[in-house]
Amino acid sequence: MLNIIENIRQNLAVAYQKAQECDQFIEQLQQNGQGKFSAIFAEGFTTKATRFMPYVEEIAADFYPFTQLSEAQQQQINPQELAKIVVKLEKIFATQSKFQQTIVSAEE
């Protein structure tokens with residue numbers, strides 16, 4: 001279980017960095033009168049935002065309580081609880097990747 005928690009921690013760091021990059025592109029698009037949408041994700045998150053960072057912050061907030069547990073307590077975590085976080089991370093990564101591919105394609 002400790003390896004899973006560390007992997008989630010590392011993936012959150014990557015998602016955070018990608019969110020910063022994607023949010024910069026969104027800012028540029030909106031300054032140019034493009035990128036007009038009300039939320040990046042319609043479902044799967046409590047957050048409704050036009051940037052990626054609030055979604056990453058939601059995942060981090062969901063994950064934080066697990067990081068405060070002792071190693072013995074972490075061994076007792078219900079895998080379903082962590083699976084919810086992993087699903088959100090997968091959605092973030094898939095959407096960030098598609099977004100970045102779209103930006104690269106548009107620049108070519």
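Author: A residue is called buried when its relative accessible area is under 20%. The structure above is a predicted model, and the burial values discussed here are computed from that model.

Reader: Which residues of helix 1 are buried?

Author: Helix 1 buries Ile5, Ile8, Leu12, Ala15, Ala19, Cys22, Asp23 and Ile26.

Reader: Against which helices do the buried residues of helix 1 pack?

Author: Their packing partners are helix 2 (53–67), helix 3 (71–75) and helix 4 (79–107).

Reader: What span does helix 1 reach, and what follows the helix?

Author: Helix 1 covers residues 2–31, 30 residues in total. From its first C-alpha to its last it reaches 43 Å, close to the 44 Å expected at 1.5 Å a residue. Gly33 follows helix 1 and has a positive phi, near 80°.

Reader: How should I read the confidence, and which elements have the lowest and the highest mean pLDDT?

Author: In general, predicted coordinates should not be read in detail where pLDDT is low. In this chain the average pLDDT is 93, and 99% of the residues score at least 70. Among the elements, the lowest mean belongs to helix 4, at 91, and the highest to helix 2, at 97.

Reader: How many salt bridges are there?

Author: Side chains of opposite charge can pair when their charged atoms come close. With a cut-off of 4 Å between a side-chain nitrogen of Lys or Arg and a carboxyl oxygen of Asp or Glu, the count here is five salt bridges. One of them pairs Lys88 with Glu58, with the closest N and O atoms 2.7 Å apart. This pair links distant parts of the chain, since Lys88 lies in helix 4 and Glu58 in helix 2, 30 residues apart.

Reader: Are Lys88 and Glu58 buried or exposed?

Author: Both Lys88 and Glu58 are buried. For Lys88 the relative accessible area is 14%, which is under 20%, and therefore Lys88 counts as buried.

Reader: Which other side chain meets Lys88 in a salt bridge?

Author: Asp62 does, at 2.7 Å from N to O. This pair also links distant parts of the chain: Asp62 is in helix 2 and Lys88 in helix 4, 26 residues apart. Asp62 has a relative accessible area of 32%, so it is classed as partly exposed.

Reader: Where do Glu81 and Lys84 lie?

Author: Both lie in helix 4, three residues apart, about one turn of the helix. Glu81 and Lys84 form a salt bridge whose closest N and O atoms are 3.5 Å apart. Glu81 is partly exposed, because its relative accessible area is 33%. As for shared partners, salt bridges join Glu58, Asp62 and Lys88 into one network.

Technical notes
Residues are numbered from 1 along each chain as its sequence is written. Side-chain values use heavy atoms; hydrogens and water are left out. Helices (H or I, at least four residues) and strands (E, at least two) are DSSP runs, numbered from the N terminus. The expected span of a helix is 1.5 Å times one less than its number of residues. Buried means under 20% relative accessible area, exposed over 50%, partly exposed in between (1.4 Å probe, protein chains only). Contact means heavy atoms within 4.5 Å. pLDDT is the predictor's confidence in each residue, from 0 to 100.
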